[in-house]
Structure formats: structure tokens, C-alpha cells
Amino acid sequence: MRTRWIAGCWLGAVILAGTAGCAARPEQSGPGAAPVTATPASAASAAPSPSVSAGSPRPTAAAGGTAVPGPGQAFLLQAVDRIEDPVLTVTASGRIGTYPGGADTGEREQFQLVPLSPGATVYLLKTARLRLGGEPLCAGIQAGVLHTVACDAAATGQRVKLVARGTDASGSATFDLVVGPYDVEVSQDDKVSLKRHGSTPAGTRFRFIPAGTVGQWP
């Protein structure tokens, strides 16, 4: 009887020990377990992409997906927040005025930007299709007004700068247009005027509307 009782107790102890061992295995992933060396998927996905840092500015995009048209790209310069969405155009007298943006604009409203040197942010604003003697014309200051003149990269009154002004309601990048020492402005009745460039933003923002390739019809 005593031998049988001892054997029974020993067998019960073995069974209890095995049960306790199985119950302890899930606890290895609990607070008292050794740390896991693999990076959790949630932490990996939270890490910033190596190509875009959190502090990197997002590139702005104008109509057509480009902030500033590259060399060889024709475009319209459209005044933002005006009733008829006027675009700059070359009048019959050679002066630069405006034309309703929704009209059939033709070649006189198409311009191109030509950097003064590769990669420069100072440009000549040339006509994209309008030619005089086979050569494009440039925007410049003549007798206090914005006019087309024979291109001369050395003339300070023809040098064009763009001052970024954020985006408009459509998400297109907008700019102040500075020709020589003046901001180009368009009034609510679509008249072009010049204001001395200074520390305050111009009264008119412009956006670029792509118009194909320079020298070729779209």
C-alpha cells in the first residue's frame, strides 16, 4: 500500500510539473521576458523615408505640374484673382497689355523664360512664337511702361525675377513678376501697370499656363 501511494504521488508531481512548464511558455513574451531584437513592423513604418525628411519643403506645382517652366517651354502668364483671368499679351503697338484668358489667345500671349546663364534665377522674358525679323522680342521697360523691345541680356531693364507667392485656390504655384526694378501689376479692370519693387508684395500674382513647345504649335 505504501509503495503504491509513493508511486502515485511521484506520478502526480510529474504531471503537475509538466503542466506548469507548458503554462509558463506563453509568459516568455510578457513583461519579464528577454527583449525581442527584431524591429516591430509598426516602428519600421513610423520611421521617415530616407528620401524625404520631415523638414523638407514640398515642391510646389503650377498648372501642368511645373512651378517654373523650363527652357523651350511656351506658356501664358495669367493674373490670379481677376474676373476674366486675363493673360499678358503683346498689343499691335508692341506694348504688353492683357487679353481675356478664356479667349482664343493666339501667338501674342505665349512667352518663354530664358535664364541669363545655366541654372540662373534671373531671366529674359521672351515671346515664344512672335518674331520680328526672325528673332523673338523681350519684355522690358520703355518710357515707363512694359513694352516689347529687342533682346539685350546686358540691359537691366529686361532682367526678370520671380518671387514665389505660394499657391492659388487650384493649387497652382503663383509668383510676383519683377521686370527690371518694377513689379508688374494688373488692375481689376485688366490694365497693366508698374510699381517700384520693394519690401512689400506686388498687388498681382501670376501663374503659368503651359502652351506647348517654343517655336512649335501644341
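This passage describes the aromatic pairs, a run of strands, the disulfide and one further residue contact in a predicted model.

The aromatic side chains come first. A search of the whole structure finds 2 aromatic pairs. One pair is formed by F75 and F208. Their ring centres lie 4.9 Å apart and their planes meet at 85 degrees, so the pair is edge-to-face. That label applies because the angle between the planes is over 60 degrees. F75 belongs to strand β1, which covers residues 73-79. F208 belongs to strand β12, which covers residues 206-213. The two parts are 133 residues apart in sequence, so the pair ties together distant stretches of numbering. Both F75 and F208 are buried.

F208 also pairs with F175. Here the ring centres are 5.6 Å apart and the planes stand at 55 degrees, so this pair is tilted. An angle of 55 degrees is neither under 30 nor over 60, and tilted is therefore the label that remains. F175 sits in strand β9, residues 173-179, while F208 sits in β12. The pair therefore ties together parts that are 33 residues apart in sequence. Both F175 and F208 are buried. Taken together, ring pairs link F75, F175 and F208 into a cluster.

Strand β9 leads on to its neighbours. β9 and β10 run antiparallel and are joined by 2 bridges. Within this pairing, V179 stands opposite Y182 of β10. The hairpin of β9 and β10 has 2 residues between the strands. In that hairpin, G180 takes a positive phi near 60 degrees.

Strand β10 spans residues 182-186. Of its 5 residues, 4 are buried, so β10 is largely enclosed by the rest of the structure. β10 also pairs with strand β11, residues 192-196. These two strands run antiparallel, with 5 bridges between them. Y182 appears again here, as Y182 stands opposite R196 in β11. Y182 thus faces V179 in one pairing and R196 in the other. The hairpin of β10 and β11 has 5 residues between the strands. D190 in this hairpin takes a positive phi near 70 degrees.

The next feature is covalent. A disulfide is a covalent bond between the sulfur atoms of two cysteines. The count for this model comes to 1 disulfide. The disulfide joins C138 to C151, with an S to S distance of 2.1 Å. This distance is within the 2.5 Å cut-off, so the pair qualifies. The link of C138 and C151 is right-handed, with 100 degrees about the S-S bond. C138 lies in strand β6, residues 135-142. C151 lies in the loop between β7 (145-150) and β8 (159-167). The disulfide therefore ties together parts that are 13 residues apart in sequence.

The surroundings of the two cysteines were also assessed. C138 has 1% relative accessibility and counts as buried, because the value is under 20%. C151 has a relative accessible area of 32% and is partly exposed. That value falls between the 20% and 50% limits, which is why C151 takes the intermediate label.

Finally, I209 offers a view of strand β12 beyond F208. I209 is placed in β12. At 24% relative accessibility, I209 counts as partly exposed, whereas F208 of the same strand is buried. The C-alpha atoms of I209 and P69 are separated by 9.2 Å. Along the chain, I209 and P69 are 140 residues apart.

Note on methods:
Residues numbered from 1 in each chain as written. Predicted model: local features only at pLDDT ≥ 70, side-chain atom pairs only at ≥ 80, totals over all residues. Heavy atoms only, no water. Phe/Tyr/Trp six-rings, centres within 6.5 Å; stacked < 30°, edge-to-face > 60°. Buried < 20%, exposed > 50% of the residue type's maximum accessible area, 1.4 Å probe, protein only. Pairing = 2+ DSSP bridges.
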